[in-house]
Amino acid sequence: MKTIPVRQIRASFMEEVSPERFNIRMLEEVVGTKDLLHQLHRHDFYFVLAVKEGSGTHEIDFASYPVQSNSLFFIKPGQVHQLELKAGCSGYLMEFNKEFYHPINKSKIQRLRKASSNNFYQLNSDNFDRLCLLLKYLFDEYTARQESYQDSIKANLDILMIELVRLERAAAISLGGASLYTQERLDDFFELLEKNITAYKQVSQYADLMNLSPFQLNEITKATVGKTSSELINEHIILEAKRHLLATPNQVKEIAELLGYEDVSYFIRFFRKHTGYSPEAYRLKSR
């Protein structure tokens with residue numbers, strides 16, 4: 001049974017003895033004079049792509065986004081994505097793992113979670129330039145590697161998360177978004193889904209983990225995204241199934257087992273109910 005290809009951050013000479021990984025590169029050096037294509041894969045690290053100028057397409061967990069000037073993408077460990085960048089793109093590509101940046105302060109943890117829960121930021125030029133100043137500082141620190149440069153990088157990652165959360169909340173307020181409490185509780189729920197979806201598939205199980213009643217959890221999800229908790233659980237199961245169907249050659253029976261289903265027939269019926277296709281038909285259609 002094969003797993004979805006997982007890419008890791010290449011260690012530099014100075015990092016070989018440590019599990020901490022951080023890397024930032026100028027996008028024009030990554031892309032060069034030829035189009036860049038990364039086939040469907042997942043990371044075990046955070047991935048931030050800031051495009052100053054350029055074009056392409058970026059598919060994250062099967063949602064397609066345009067790559068265009070003043071856009072920023074933030075991918076969490078475990079998400080699958082496929083990236084195409086046209087020659088001549090400029091900006092920054094930054095990668096860091098949980099060992100390198102692992103805030104322990106509750107507010108910082110919440111900011112990282114909130115910032116990375118939004119995969120796509122389309123910004124105006126002023127907001128993008130503000131973020132680019134931070135990214136340039138991070139790039140310069142990483143390139144020069146003077147004394148305590150890693151501490152400086154981590155401190156500036158804190159600032160980057162603050163800026164991204166501000167942008168997200170400003171957008172939510174302009175659209176009449178939910179309260180801060182319900183947004184944070186929704187983020188907690190999504191994080192639990194990522195960690196536990198193979199074992200837990202009932203609303204009551206997640207409500208218990210969050211010290212809420214099923215009714216309270218449903219009210220939170222309906223207030224924030226207009227869906228019941230059960231609908232979000234089912235969507236996450238389908239998402240994980242799609243990840244395995246399109247990024248691995250595993251048989252449907254093997255995928256069902258990976259997702260915690262002993263009865264493959266039930267899994268096939270469940271998948272068909274929510275997508276309109278059998279798992280094999282979906283795989284053929286999407287490739």
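Select Leu-157 and show what surrounds it. Beyond its neighbours within four places in sequence, Leu-157 is in contact with Phe-22, Met-94, Phe-96, Phe-100, Tyr-101 and Leu-138. Keep in mind that this is a predicted model.

Now widen the view to the core. Leu-157 belongs to the largest nonpolar core, a set of 32 residues. Colour Phe-74, Met-94 and Phe-96 as well: together with Leu-157, they have the most contacts inside this core. Which elements give two or more residues to the core? Select strands β2 (22-26), β4 (46-53), β7 (71-75) and β9 (90-96). Then add helices α2 (106-117), α3 (125-144) and α4 (149-174).

Next, go to a second core, separate from that one. This core has 31 residues. Ala-207, Met-210, Ile-237 and Tyr-261 are among them.

Stay with Ile-237 and select helix α8, residues 229-247. The next three stops are its packing partners.

**Stop one: α10.** Add residues 264-275. The axes of α8 and α10 lie 11 Å apart, at an angle of about 105°. An angle from 65 to 115 degrees counts as roughly perpendicular, so α8 and α10 are roughly perpendicular to each other. On the α8 side, show Asn-234, Ile-237, Ile-238, Ala-241, Lys-242 and Leu-245. On the α10 side, show Phe-267, Phe-270, Phe-271, His-274 and Thr-275. Colour this contact by class: seven residues are nonpolar, three polar and one charged.

**Stop two: α7.** Select residues 214-225. Here the axes of α7 and α8 are 8 Å apart, and the packing angle is about 75°. That makes α7 roughly perpendicular to α8. From α7, pick Leu-217, Asn-218, Thr-221 and Val-225. From α8, pick Ser-229, Ser-230 and Leu-232. This contact has three nonpolar and four polar residues, and no charged ones.

**Stop three: α11.** Select residues 279-286. The axes of α8 and α11 come within 9 Å and cross at roughly 60°. The two helices are therefore oblique to each other. Look at the handedness too: α8 passes α11 in a right-handed crossing. Lys-242, His-244, Leu-245 and Leu-246 make the contact from α8. Pro-279, Tyr-282, Arg-283 and Ser-286 make it from α11. By class, these residues are four nonpolar, two polar and two charged.

Finish on Lys-242 and Leu-245 of α8. Both take part in the contact with α10, and both take part in the contact with α11.

Notes
Residues are numbered from 1 along each chain as its sequence is written. This is a predicted model: local features need pLDDT of at least 70, side-chain atom pairs count only at pLDDT 80 or more; totals for chains, interfaces and linings use all residues. Side-chain values use heavy atoms; hydrogens and water are left out. Axes are lines fitted to C-alpha atoms, for helices over the stretch in contact, and angles run from 0 to 180 degrees between N-to-C directions. Helices (H or I, at least four residues) and strands (E, at least two) are DSSP runs, numbered from the N terminus. Angles under 35 degrees count as roughly parallel, over 145 as roughly antiparallel, 65 to 115 as roughly perpendicular and the rest as oblique. Contact means heavy atoms within 4.5 Å. Ala, Val, Leu, Ile, Met, Phe, Trp, Tyr, Cys and Pro count as nonpolar, Asp, Glu, Lys and Arg as charged, and the others, Gly among them, as polar. A nonpolar core is a set of buried Ala, Val, Leu, Ile, Met, Phe, Trp, Tyr and Cys residues joined through side-chain atoms within 4.5 Å. Buried means under 20% relative accessible area, exposed over 50%, partly exposed in between (1.4 Å probe, protein chains only). A crossing is left-handed if the near helix is turned anticlockwise from the far one by less than a right angle, and right-handed if clockwise.
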